[in-house]
Amino acid sequence: MTTVVPTSEEDPVLPVVRFMADLSWADAGPEVAEPQVTRLCTEAQECMVMGRWLDLASLMLTSADIVFSKVSDKDLECIFTVICNLVSKLENLNEELEVAKLISTKITQQPTDKPAMRLKILFNLYNLLEGPDSRFFVYMQALNLALNEKVTDHIVPFFKKIDSFLKEWNIGVKDQRSLFLTVANALKENKSSGKDSFKFLTKYLATFSGEDSYIMSEAKEEAVHAVIEFVKAPDMFQCDLLDMPAVGQLEKDAKYALVYQLLKIFLTERLDAYLEFQAANSTLLKSYGLVHEDCITRMRLMSLVDLGCNESGQISYALVKDTLRINDDEVELWVVKAITAKLIDCKMDQMNQVVIVSRCSERLFGQQQWHSLRSRLALWRGNVASLISTIQANKVVEEGSREMQGMPIRAFLESNFDSKLQTM
């Protein structure tokens with residue numbers, strides 16, 4: 001197998017063009033192959049002289065499919081490093097975008113053949129690009145490749161940098177939607193974190209605000225999916241889905257109104273409301289893969305949180321028992337479960353049979369909760385400022401007091417020193 005080794009004496013483009021041409025025409029015989037190889041090399045040289053980098057990239061990519069199937073991964077990476085480096089020769093960002101589109105589109109045409117290597121080449125290309133539009137396009141190509149070919153392990157670590165990427169790319173709302181939804185699907189496929197997938201799905205839904213009903217309807221299926229994922233999740237007890245217009249459209253939808261009602265029960269009501277809903281809609285719950293026993297567990301914990309937020313800091317064991325529909329000896333067990341899930345901070349007074357709650361998590365965290373948090377922070381900031389002012393005022397008084405106390409001593413020392421000078 002021939003190995004491509006770029007040398008310092010010659011631009012590596014022409015040796016790569018010749019290598020790829022030889023590979024493409026290897027089965028045609030020397031009489032046919034040599035003229036074709038010579039023609040391709042001559043054309044490549046003309047493109048280089050005239051600065052026609054897009055044409056040169058197109059020429060080199062003609063044999064890309066054959067190269068992927070016949071050379072080693074090491075040679076493949078070397079060849080595409082040379083091809084991708086063509087973008088560094090471009091001064092115009094629009095031209096860079098065109099070349100980036102040409103290269104990345106070609107790389108993703110047959111993704112089933114060496115998908116991990118194709119993904120690596122795309123990221124090598126990404127790192128060579130300067131323009132934000134070019135980078136975003138290549139990133140999305142890589143993301144879709146990883147998702148479609150089930151190699152998301154290679155791309156999931158980059159999701160931690162999405163916020164910084166968004167600032168760099170400065171993309172519009174439509175592109176943000178495409179990005180968030182694809183990331184959510186990639187995380188779901190990867191099964192790395194249900195919470196992370198849900199987070200990006202809610203980011204996607206949050207981009208729909210103020211659009212007409214036709215555009216909003218694009219998010220309907222994903223809104224349903226987000227609701228079901230929240231209801232299923234054993235470790236999620238808080239969300240702001242009810243505040244999102246994309247989710248709100250389900251309330252009056254003939255097909256999905258019951259899904260919206262289920263979400264409302266999980267975020268604003270107690271176990272009895274869920275049991276009533278389940279009795280009338282058990283088939284619906286099963287169709288979405290919801291397990292009744294798991295839903296009861298979630299609703300018991302959420303009902304306990306609701307009691308803590310609405311019973312002035314004290315909940316009787318009897319009320320916990322009746323609300324959660326449990327036996328007397330299970331009350332403390334469910335309180336411990338809520339503490340373990342970090343839903344409440346409390347103490348259990350066994351003598352008086354009450355739960356004394358010091359903190360409760362909010363089930364909903366929408367506009368009202370943000371306003372409440374803002375008010376508490378403003379109050380806290382005011383208290384801190386007042387405390388600092390008091391400390392500074394006391395410091396000034398203390399320093400003034402010390403200075404006054406020191407004056408007689410200094411006066412005595414000065415007079416004593418003067419008298420000694422006179423006797424000398």
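Which residue in strand 3 is the bridge partner of cysteine 346? Keep that one in mind while you look at the structure; the answer is valine 357. I'll come back to that pair once we have the sheet in view.

Okay, so, quick orientation. What we have on screen is a predicted model. The protein has 424 residues, and 41% of them count as buried. It contains 21 helices and 3 strands. And if you take the contacts with a separation of 6 or more, 62% of them are between residues 24 or more positions apart.

Let's do the sheet. The 3 strands make an open sheet, in the order 1-3-2, with antiparallel pairing. The edges are strand 1, residues 314-316, and strand 2, and each of those pairs on one side only. On average, neighbouring strands are turned by 25° against each other, if you ignore direction.

Now the pairings, one at a time. Strand 2 is residues 344-349, strand 3 is residues 354-360, and 6 bridges join the two, running antiparallel. Our opening pair sits here: cysteine 346 in bridge with valine 357 of strand 3. Aspartate 345 has arginine 359 as its bridge partner in strand 3. Then there's lysine 347, which stands opposite isoleucine 356 in strand 3. For those of you thinking about side chains, the general rule is that in a regular strand they alternate between the two faces of the sheet.

Over on the strand 1 side, 3 bridges join strand 1 to strand 3, again antiparallel. Isoleucine 315 is the one to click on there: it stands opposite valine 355 in strand 3.

What sits between strand 2 and strand 3? They form a hairpin, with 4 residues between them. Glutamine 353 is in that turn, and if you like checking backbone torsions, have a look at it: its phi is near 60°, which is a positive value in a residue other than glycine. Is glutamine 353 buried or exposed? Somewhere in the middle: its relative accessible area is 41%, so it's partly exposed.

There's another one like that, arginine 325. Its phi is near 55°, also positive in a residue other than glycine. You'll find arginine 325 in the loop between helix 19, residues 317-324, and helix 20.

Which brings me to the helices around the sheet. Helix 18, residues 292-310, packs on the sheet and touches strand 1, strand 2 and strand 3. Its direction makes about 85° with that of strand 3. Helix 20, residues 331-340, lies across strand 2 and strand 3, and runs at about 155° to strand 2.

And how do helix 18 and helix 20 sit relative to each other? Their axes come within 10 Å and cross at roughly 85°. That makes the two helices roughly perpendicular. From helix 18, the contact uses Thr297, Arg300, Leu301 and Leu304; from helix 20, it's Trp334, Val335, Lys337 and Ala338. By class, that's 5 nonpolar, 1 polar and 2 charged.

For another helix pair, go to helix 10, residues 173-190, and helix 11, residues 194-206. Here the packing angle is about 160°, and the axes are 8 Å apart. Anything over 145 counts as roughly antiparallel, and therefore that's what helix 10 and helix 11 are to each other. The crossing is left-handed.

As for who meets whom, helix 10 brings Arg177, Phe180, Leu181, Val183, Ala184, Leu187 and Lys188. Helix 11 answers with Asp196, Ser197, Phe200, Leu201, Lys203 and Tyr204. Sorted by class, this contact has 8 nonpolar, 1 polar and 4 charged residues.

Last stop, a single side chain: lysine 106, in helix 6, residues 93-107. Why does lysine 106 count as buried? Its relative accessibility is 17%, and the cut-off for buried is under 20%. So who's around it? If you leave aside the neighbours within four places in sequence, lysine 106 is in contact with Leu61, Ala64, Asp65 and Arg118.

That's my tour. Let's take comments while the structure is still up.

Terms used: Residues numbered from 1 in each chain as written. Predicted model: local features only at pLDDT ≥ 70, side-chain atom pairs only at ≥ 80, totals over all residues. Heavy atoms only, no water. Axes fitted to C-alpha atoms, helices over the stretch in contact; angles between N-to-C directions. Parallel < 35°, antiparallel > 145°, perpendicular 65-115°, else oblique. Left-handed = near helix turned anticlockwise from the far one by under 90°. Contact = heavy atoms within 4.5 Å. Nonpolar A, V, L, I, M, F, W, Y, C, P; charged D, E, K, R; others polar. Buried < 20%, exposed > 50% of the residue type's maximum accessible area, 1.4 Å probe, protein only. Pairing = 2+ DSSP bridges.
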